[in-house]
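Good morning, and thank you for making time for this item. I should like to take you through one model, beginning with its overall figures and then turning to its salt bridges.

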Amino acid sequence: MNLEGRRESSNVEDRRGMSSGTKMGVGGIGGLIIAGIITLLMGGNLGDVLQQAGNMNLGEQVQTQGEQNFTAEEQELAKFASVIEASTEDVWTQIFRENNVGQYQPPTLVLYTGSTQTACGQGSAAVGPFYCSGDQKLYLDLSFFSTMKKQLGADGDFAYAYVIAHEVGHHIEYLTGTLQKAHQQMNRLGEADANKISVRLELLADFYAGVWAHYENKSFGSLDDSDLMEAIKCAQVIGDDYLQKRAQGYAMPESFTHGTSEQRMKWFKLGFDTGDIRRGTTFQQSDATL
């Protein structure tokens, strides 16, 4: 992915090197983090999970600034994430303007280490990148990219960019009201039916990531065939069916929250091929055509 000379975003909050300790209220969020590891292994939306738990007494949070001894590799990843954030800002500003959606308000990209406090509760790097609609921030521990490479075999700068663009996709859902309506529905349903709505949200975020990639390449010619293959490979290895079969030897479709590998690749590629946000119809499709 060619990003030479590209601007970095000013909407980045760097919390790396800060340690975060929290005095939890009754119950805490330990169970949610465990559930998050299973359902949000990658490209997930921890904010949704935490919000569904209701208001929690998080108590006092203590943060201390650690020494800023970051490796050259981590600094390069931080710069890369900032450039991708800037690209999503430019692309979605253009798309909103061209489609008369209104003025695009970008999310803040928060870089952190280990765990951090969010408007949706205590966030943990264990569940991967996530978007919190409560504060409209995208949270990213850069070490997750190493996890992608070592544990999932998903590597390459465009695979990493896809992860960020997917989370920005959830922000687009929030700005258009789709996220709020979906959450309202999910709160009225049983787990299996709520999971089906979650899948539609995640596939729509994959589609929006593809739309971003379409415009990114159209504007800057920054991608080649190998970049696209990185994203397709990433979408494949984060499908619910793939992850469940790898973890336990079989898949449980009723527990899917993000969609199958085939579905995730399909919707990302549709967004990339068309660049047309009107084609993001995951909530209008039948289960059989998703």
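Let me begin with a definition: accessible areas here come from the Shrake-Rupley method with a 1.4 Å probe. On that basis, the accessible surface of the protein is about 13100 Å², and carbon and sulfur atoms contribute 49% of it. Please bear in mind throughout that this is a predicted model.

As to the general architecture, the protein contains ten helices and eight strands. Of its 290 residues, 51% are buried. If we take the contacts with a separation of 6 or more, 78% of them are between residues 24 or more positions apart.

I now turn to the charged pairs. How many salt bridges does a search of the whole structure find? The number is 13, and I shall discuss three of them individually.

The pair I take up to begin with is Arg-7 and Asp-90, whose closest N and O atoms are 2.9 Å apart. Arg-7 belongs to the segment before β1, whereas Asp-90 sits in helix α3, residues 72-98, so this salt bridge ties together parts that are 83 residues apart in sequence. Are these two side chains buried, exposed or in between? Arg-7 is partly exposed, with a relative accessibility of 39%, and Asp-90 is likewise partly exposed, at 36%.

The next pair brings two strands into the picture. Glu-13 and Lys-137 form a salt bridge with an N to O distance of 3.0 Å. Because Glu-13 is in strand β1 and Lys-137 in strand β8, residues 137-140, the pair links parts that are 124 residues apart in sequence. Here the two partners fall into separate categories of accessibility: Glu-13 is partly exposed at 27%, while Lys-137 is buried at 18%. The cut-off that matters for Lys-137 is that buried means under 20% relative accessible area.

The remaining pair lies within one helix. Lys-269 and Asp-273 form a salt bridge, with 2.9 Å between the closest N and O atoms. Both residues are in helix α10, residues 261-274, and since they are four residues apart, about one helical turn separates them. Lys-269 is partly exposed, with a relative accessibility of 37%, and Asp-273 is partly exposed at 44%.

Finally, I return to Arg-7. Which residues are joined with Arg-7 into one network by salt bridges that share partners? They are Glu-89 and Asp-90. Thank you; I am happy to continue in discussion.

Conventions: Residues numbered from 1 in each chain as written. Predicted model: local features only at pLDDT ≥ 70, side-chain atom pairs only at ≥ 80, totals over all residues. Heavy atoms only, no water. Buried < 20%, exposed > 50% of the residue type's maximum accessible area, 1.4 Å probe, protein only. Contact = heavy atoms within 4.5 Å. Salt bridge = Lys/Arg side-chain N within 4 Å of Asp/Glu carboxyl O.
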